[in-house]
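Visitor: I'd like to go through this one and hear the reasoning behind each label. Could you show me the structure?

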Amino acid sequence: MSQGRGCRRRSLLARFTARCVRPPVPKVAAAPSGEVFEEEHLRRSLSSTYGQPAAEVVKRVLDDVHRFTERDDFADDLTLVAVSVCAE
């Protein structure tokens, strides 16, 4: 099984809990200012990881959420699932 080395093309499927990117109350991924980590923030995070293995994508997005919210923990769950498929 490949660990992503030698990958010429990689497709990624990523799913994030809807509570984090849509405005139901309470907002789980909100900055101290009240701004919410919305879909546009998620798109930017994901686009910055183009071609990376799924584990790196998850780490980067969750790091971005923690940096954005200025929090290390949340009152509710924060879920991100990423699957990458490598065509060698």
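Guide: Sure, and let's start with R60, whose relative accessible area is 35%. Keep in mind that this is a predicted model.

Visitor: Why is R60 called partly exposed?

Guide: Buried means under 20% and exposed means over 50%. R60 has 35%, so it falls in between and counts as partly exposed.

Visitor: And what makes D64 buried?

Guide: D64 has 12% relative accessibility, and the limit for buried is under 20%, so D64 counts as buried.

Visitor: How do you know that R60 and D64 form a salt bridge?

Guide: Their closest N and O atoms are 3.2 Å apart. The cut-off is within 4 Å, so the pair qualifies. Both residues lie in helix α3, four residues apart, which is about one turn of the helix.

Visitor: How many salt bridges are there by this rule?

Guide: Six. Helix α2 contributes R43 with E40, where the closest N and O atoms are 3.3 Å apart. E40 also meets R44, at 4.0 Å from N to O.

Visitor: Why are R43 and R44 each about one helical turn from E40?

Guide: R43 and E40 are three residues apart in helix α2, so about one helical turn separates them. E40 and R44 are four residues apart in that helix, and that again makes about one helical turn. There's a network of salt bridges here too, linking E39, E40, R43 and R44.

Visitor: What makes R43 and E40 partly exposed?

Guide: R43 comes to 48% and E40 to 42%, and partly exposed covers what lies between the 20% and 50% limits, so both get that label.

Visitor: Why is S47 called exposed, then?

Guide: S47 has 52% relative accessibility, and exposed means over 50%, so S47 counts as exposed. S47 lies in helix α2, and its C-alpha atom is 9.5 Å from that of V57, ten residues apart along the chain.

Visitor: Which residues of α2 are buried?

Guide: H41, L42 and S45. They cover an arc of only 100 degrees around the axis, which puts them on the same side of α2.

Visitor: How many aromatic pairs does a search of the whole structure find?

Guide: One. The pair is F37 and F68, at 5.5 Å centre to centre with 70 degrees between the planes.

Visitor: What makes F37 and F68 an aromatic pair, and is it stacked or edge-to-face?

Guide: Centres must lie within 6.5 Å, and 5.5 Å meets that; planes over 60 degrees apart count as edge-to-face, so 70 degrees settles the label. The pair links distant parts of the chain: F37 is in the loop between α1 and α2, F68 is in helix α3, and they are 31 residues apart.

Visitor: Are F37 and F68 buried or exposed?

Guide: F37 has a relative accessible area of 3% and F68 has 17%; both values are under 20%, so both residues are buried.

Visitor: What about the chain as a whole?

Guide: The chain has three helices and two strands, following the pattern β-α-α-α-β along the sequence. Of its 88 residues, 31% are buried.

Visitor: Which element has the lowest mean pLDDT?

Guide: Helix α1, residues 18–21, with 54, whereas helix α3 has the highest at 90. The mean for the chain is 77. Where pLDDT is low, the predicted coordinates should not be read in detail.

Note on methods. Residues numbered from 1 in each chain as written. Predicted model: local features only at pLDDT ≥ 70, side-chain atom pairs only at ≥ 80, totals over all residues. Heavy atoms only, no water. pLDDT = per-residue confidence, 0-100. Phe/Tyr/Trp six-rings, centres within 6.5 Å; stacked < 30°, edge-to-face > 60°. Buried < 20%, exposed > 50% of the residue type's maximum accessible area, 1.4 Å probe, protein only. Arc of directions from axis to C-beta. Salt bridge = Lys/Arg side-chain N within 4 Å of Asp/Glu carboxyl O.
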